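Please open the model in a viewer and keep the sequence panel beside it. The tour below proceeds by selections, from whole chains to single residues.

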Amino acid sequence: MSHYEAPIREPLVLGDKSYHDITEDIAKPIEGAANKNWYIAFYISLVAMLWGFGCIFYTVGTGIGVWGLNKNIGWAWDITNFVWWVGIGHAGTLISAVLLLFRQKWRMAINRSAEAMTIFAVFQAGLFPIIHMGRPWNAYWVLPIPNQFGSLWVNFNSPLLWDVFAISTYLSVSLVFWWTGLLPDFAMIRDRAVKPFQKKIYSLLSFGWSGRAKDWQRFEEVSLVLAGLATPLVLSVHTIVSMDFATSINPGWHSTIFPPYFVAGAIFSGFAMVQTLLGIMRKVTNLEDYITRMHIEYMNIVIILTGGIVAVAYATEFFIAWYTGSPYENYTYLSVGAATGPYAWAFWSLITFNIITPQLLWFKKIRRSFIWTFIISIAINIGMWFERFDIIAIVLSKGHLPSTWWRFEPTFVDVGIFIGTIGFFFVLFLLYARTFPVIAQAEVKTILKSSGEFYKKRSEQGIPTKPAINLAGSEGTSDKNNKE
Amino acid sequence: MESSKVIHAFYTDDEVLMDAVKAVKAEHHHIEEVFCPFPVHGLDKALGLAPTRLAITAFFYGITGLSFSIWMTNYMMIQDWPQDIGGKPSFSWLENMPAFVPIMFELTVFFAAHLMVITFYMRSRIWPFKEAENPDPRTTDDHFLMEIPVHDNNEAELTALLSKTGAVEINIVDKH
């Protein structure tokens, strides 16, 4: 049948798995109890989150002055963290949408968690545009709602307003994409549930999914169209975020390379975060047969590709800064000024973590090593934070007028809010890992016969994937109504 | 006369199911429904289901979103308050159009995606608090269920045909 696959491809599902085994493996973390390590991780994340909330309330109650911003550097940690979190979110959509369009079967074991990561990361990102406002209680004024001020509208020229539309569209579309994909998996949990409360919850979550042939036909079309919509969406969202800088007149920000360069950086950092999370998750949820070395290697290849694009972008920035002949460019981001100025440490952290360290992934041994992957992914997460910090803070610290040159020092509130968002992210992710099917079982079941280790071995031996019909095995007719 | 009983035939393999669907179709029996734990590619064709038109609806929803964004930016920025904000030309929509492109794009995607998903939920009748309608809980795990209505006492003939196609379990039940 259509299950032929080139023998050169490595299996994506290891071991001798049946459809039922997949169900069991994926339902196990949900149906079992959380262990001690989970509670420890959850507790730490919760404390970090509450600390962050405290810092947010302090900021809103006292004023933005509790942050390290000054009159020249009006954006620093807030927007750095915003862009960093949005960037992290992008890998999820890339895995679920772009890889779907390219028919990459390896995405199926990782798309659910990558999308969860997207949604939780965009939650964190979404906090910053609100809390960095001086008057966050007026935040709803960014929406074009008819009002009693003679209908006073918003200004559609501002990239900050485009951000509102981009982030809210991105979050809401990602959410329905993720949820629609979850329906068959929630239905699977629902139909297995033995505890009445669990049954009720998963019945509610699964929206009464029944898995009819027509439902599946529509489901697949909806997934495909949503993937087709989410792909340009994900490119546009970080493009619009990059325009917060690129449409300005600051030397170092005003650059046409930003839209594609930010998107590449987003995928780069997002995949690094997926690696960080899945490296741990595959172990603690015992899903090593589904998230294999192959998946880790494929993601590392995407990282080295997008990391290369980012490196070319840095080089281009450097070249253009010199090539313009503009003296201002010399003092800006990625120019000699950045490399030797007061933020040289931030600049060289960026070069080390983003450009040099990921080059190790060219070596197959390192690319296929879980521990190396984990270390490099953490390095990229740090490097990509510095990229955003450098772009924002270094540029603002040296503007057109030397009398406006200033430096930025974060306060504990800046740091506390960032730590709080990391805590919040892990609170959500840890809860997710305990209650949601972390692998799209309905999708993995479709590739079992073409990419499962057991079936691949059999088809190499010439054994068809279709089992022989065993007539003795059928139990014959039984009239249920008469029996009962 | 409308039949009051249906046959539930269970399969445990997607390829066996596909062959069974084709065999039952070849004998001109009407297949009421097939419940699967995962999408079986080609099943809709084998069953003779019409292609879904959800993508077409998405296209029109997208056009609606685009039109809405053009109307909104034109009304708010050009007609209602044609102000000078940073020297941007607000004399006509076209002159300030590049600044509206991000909004136009996002609203196109927003309308197309959400309205299509809502259409899908409505058409497939899935929403919160909806009762699941799969007759057997195993159909979301590893069993495939074919439901065939019984007409004119053809039970025996149908049962024989279905067991020949590799059904692991055949039940005759009252139509729900």
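Begin by selecting chain A: 58% of its 484 residues count as buried, buried meaning under 20% relative accessible area, exposed over 50% and partly exposed in between, with a 1.4 Å probe and protein chains only. The model is a predicted one, in which local features need pLDDT of at least 70 and side-chain atom pairs count only at pLDDT 80 or more, while totals for chains, interfaces and linings use all residues. Residues are numbered from 1 along each chain as its sequence is written, chains are lettered from A and ligands numbered from 1 in the order in which they are written, and side-chain values use heavy atoms, with hydrogens and water left out.

**Chain A as a whole**

Colour chain A by secondary structure; it shows 17 helices and 1 strand. Helices (H or I, at least four residues) and strands (E, at least two) are DSSP runs, numbered from the N terminus. Along the principal axes, the C-alpha atoms of chain A fill a box of roughly 90 × 55 × 45 Å. Its radius of gyration is 25 Å, which agrees with the value near 23 Å for a compact globule of 484 residues. That radius is taken over C-alpha atoms, and the globule rule is 2.2 Å times the number of residues to the power 0.38. Among contacts in chain A between residues at least 6 apart in sequence, 81% join residues at least 24 apart; contact means heavy atoms within 4.5 Å.

**Three stops in chain A**

Select Ser113(A), which is placed in helix 4 of chain A. Is this residue buried or exposed? Ser113(A) is buried, with a relative accessible area of 3%. Display the surrounding side chains: leaving aside neighbours within four places in sequence, Ser113(A) is in contact with Leu278(A), Met281(A), Phe429(A), Tyr432(A) and Val438(A). A polar atom of the Ser113(A) side chain lies 3.2 Å from the backbone oxygen of Val438(A).

Next, select Arg103(A), in the loop between helix 3 (77–101) and helix 4 (111–131) of chain A. Its phi is near 55°, a positive value in a residue other than glycine. Arg103(A) counts as exposed, because its relative accessibility is 60%.

Then move to Ser151(A), in the loop between helix 4 and helix 5 of chain A. Ser151(A) also is not a glycine, and has a positive phi of about 55°. Ser151(A) is buried, at 17% relative accessible area.

**Chain B as a whole**

Hide chain A and select chain B, whose secondary structure comes to 5 helices and 4 strands. Followed from the N terminus, these elements run β-α-β-α-α-α-β-α-β. The radius of gyration of chain B is 26 Å, well over the 16 Å that the globule rule gives for 176 residues, so chain B is more spread out than a compact globule. The C-alpha trace spans about 80 × 30 × 30 Å along its principal axes. Of the 176 residues in chain B, 52% are buried.

**The interface**

Show both chains together. How many residues of each chain are in contact with the other? In chain A there are 74, and they meet 79 residues of chain B. The two chains bury about 6,800 Å² between them, 63% of it on carbon and sulfur atoms; buried area is the accessible area (1.4 Å probe) that two parts lose on being put together, summed over both. Highlight Phe156(A), Phe207(A) and Arg218(A), which lose the most area to chain B in chain A, together 10% of what that side buries.

For a charged pair, select Asp14(B) and Lys449(A): they form a salt bridge whose closest N and O atoms are 3.1 Å apart. The rule, a side-chain nitrogen of Lys or Arg within 4 Å of a carboxyl oxygen of Asp or Glu, finds 5 salt bridges across this interface.

Which helix of chain A supplies the largest share of the side that touches chain B? Helix 7 of chain A does, with 18 residues.

**Last stop: Ile103(B)**

Select Ile103(B), in helix 4 (residues 97–123) of chain B. Ile103(B) counts as buried, at 0% relative accessibility. Not counting residues up to four places away in sequence, Ile103(B) touches Phe156(A), Trp162(A), Phe165(A), Ser69(B), Met72(B) and Thr73(B). To finish, display the C-alpha atoms of Ile103(B) and Leu66(B), which are 37 residues apart along the chain and separated by 9.0 Å.

Note on methods: Polar contact = N/O pair within 3.5 Å; in protein donor to acceptor, adjacent residues only side chain to side chain.
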